[in-house]
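Welcome, and please take a moment with the sequence and the model before reading on. The report starts from a single residue and works outwards to the whole chain.

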Amino acid sequence: QVQLVESGGGLVQPGGSLTLSCAASGRFWSIYDMAWYRQTPGNSRELVARVTSRDSTNYADSVKGRFTISRDDAQKMVQLQMNSLKPEDTAVYYCNADIRQVGLTTSFNFWGQGTQVTVSS
């Protein structure tokens, strides 16, 4: 069973920084795209940042220049470094990954359970 487990959320003041981490566990052959999404009450989940298996990245316009996504394939992890945080960054952040499990020929999309980030003074 594949699991994605996030950590690193919390309360931070405006202008502060947080680093979110997500670790994949279970039996799988490969991890392809990895990403972070976020969701606020009453809204749909939105893409924050994505990193491909070749380390190509893309970001939502609202976080460009402030957030950095990175992956460590040896540790089966993806991180989101968030700087210059704003109150509008407050949301539940979800890790997402396309993973090919052992014994399967195609990949499936997996989600973590989410971690709350609150930016407030």
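Leaving out residues up to four places away in sequence, Gly16 touches Met82, Asn83, Ser84 and Leu85. This model is predicted, so please read every value below as computed from it. Gly16 itself sits in the loop between strand 2 (10-12) and strand 3. Its relative accessible area is 18%, and because buried means under 20%, Gly16 counts as buried. Gln113 makes a useful distant reference point: Gly16 and Gln113 are 97 residues apart in sequence, and their C-alpha atoms are 24 Å apart in space.

**A second residue at the same stretch**

Let us turn to Arg66. Which residues does Arg66 contact, once neighbours within four places in sequence are left aside? They are Gln81, Met82, Asn83, Ser84, Leu85, Lys86 and Asp89. Met82, Asn83, Ser84 and Leu85 are thus among the contacts of Arg66, and these four residues are also touched by Gly16. With Asp89 there is a polar contact, side chain to side chain, at 2.8 Å. Arg66 is found in the loop between strand 6 (57-59) and strand 7 (67-72). Is Arg66 buried or exposed? At 10% relative accessibility it counts as buried, because the cut-off for that class is under 20%.

**The sheet**

Next comes the pairing of strands. An open sheet is built from four strands in the order 1-3-8-7, and the pairing is antiparallel. Strand 1 (3-7) and strand 7 form its edges, each pairing on one side only. On average, and ignoring direction, neighbouring strands in this sheet are turned by 15 degrees against each other. Inside the sheet, strand 3 (residues 18-25) and strand 8 (residues 77-82) run antiparallel and are joined by six bridges. For one position to look up in the viewer, try Ser21, whose bridge partner in strand 8 is Gln79. In general, strands of a sheet pair through backbone hydrogen bonds, either parallel or antiparallel.

**Two loop residues with positive phi**

Most residues other than glycine have a negative phi. Asp55 and Lys76 are not glycines, yet each has a positive phi. The table sets out the values.

| Residue | Phi | Loop | Relative accessibility |
|---|---|---|---|
| Asp55 | about 70 degrees | between strand 5 (46-51) and strand 6 | 53%, exposed |
| Lys76 | about 60 degrees | between strand 7 and strand 8 | 35%, partly exposed |

Asp55 counts as exposed because its relative accessible area of 53% is over 50%. Lys76, at 35%, falls between the two cut-offs of 20% and 50% and is therefore partly exposed.

**The chain as a whole**

How many helices and strands does the protein chain have? There are zero helices and 11 strands, so reading from the N terminus the elements run β-β-β-β-β-β-β-β-β-β-β. The C-alpha trace spans about 50 × 25 × 25 Å along its principal axes. For 121 residues, a compact globule would have a radius of gyration near 14 Å, and the value for this chain, 14 Å, agrees.

Buried residues make up 38% of the 121 residues. The protein chain exposes about 6,500 Å², with carbon and sulfur atoms supplying 45% of that area. Among contacts with a separation of 6 or more, 56% come from residues 24 or more positions apart.

How values were computed:
Residues are numbered from 1 along each chain as its sequence is written. This is a predicted model: local features need pLDDT of at least 70, side-chain atom pairs count only at pLDDT 80 or more; totals for chains, interfaces and linings use all residues. Side-chain values use heavy atoms; hydrogens and water are left out. Helices (H or I, at least four residues) and strands (E, at least two) are DSSP runs, numbered from the N terminus. Buried means under 20% relative accessible area, exposed over 50%, partly exposed in between (1.4 Å probe, protein chains only). A polar contact is a pair of N or O atoms within 3.5 Å; within protein, one must be able to donate a hydrogen and the other to accept it, and residues adjacent in sequence count only if both atoms are side-chain atoms. Contact means heavy atoms within 4.5 Å. Two strands pair if DSSP finds at least two bridges between them. Axes are lines fitted to C-alpha atoms, for helices over the stretch in contact, and angles run from 0 to 180 degrees between N-to-C directions. The radius of gyration is taken over C-alpha atoms; the globule rule is 2.2 Å times the number of residues to the power 0.38. Accessible areas come from the Shrake-Rupley method with a 1.4 Å probe; for residues, only the protein chains shown count as cover.
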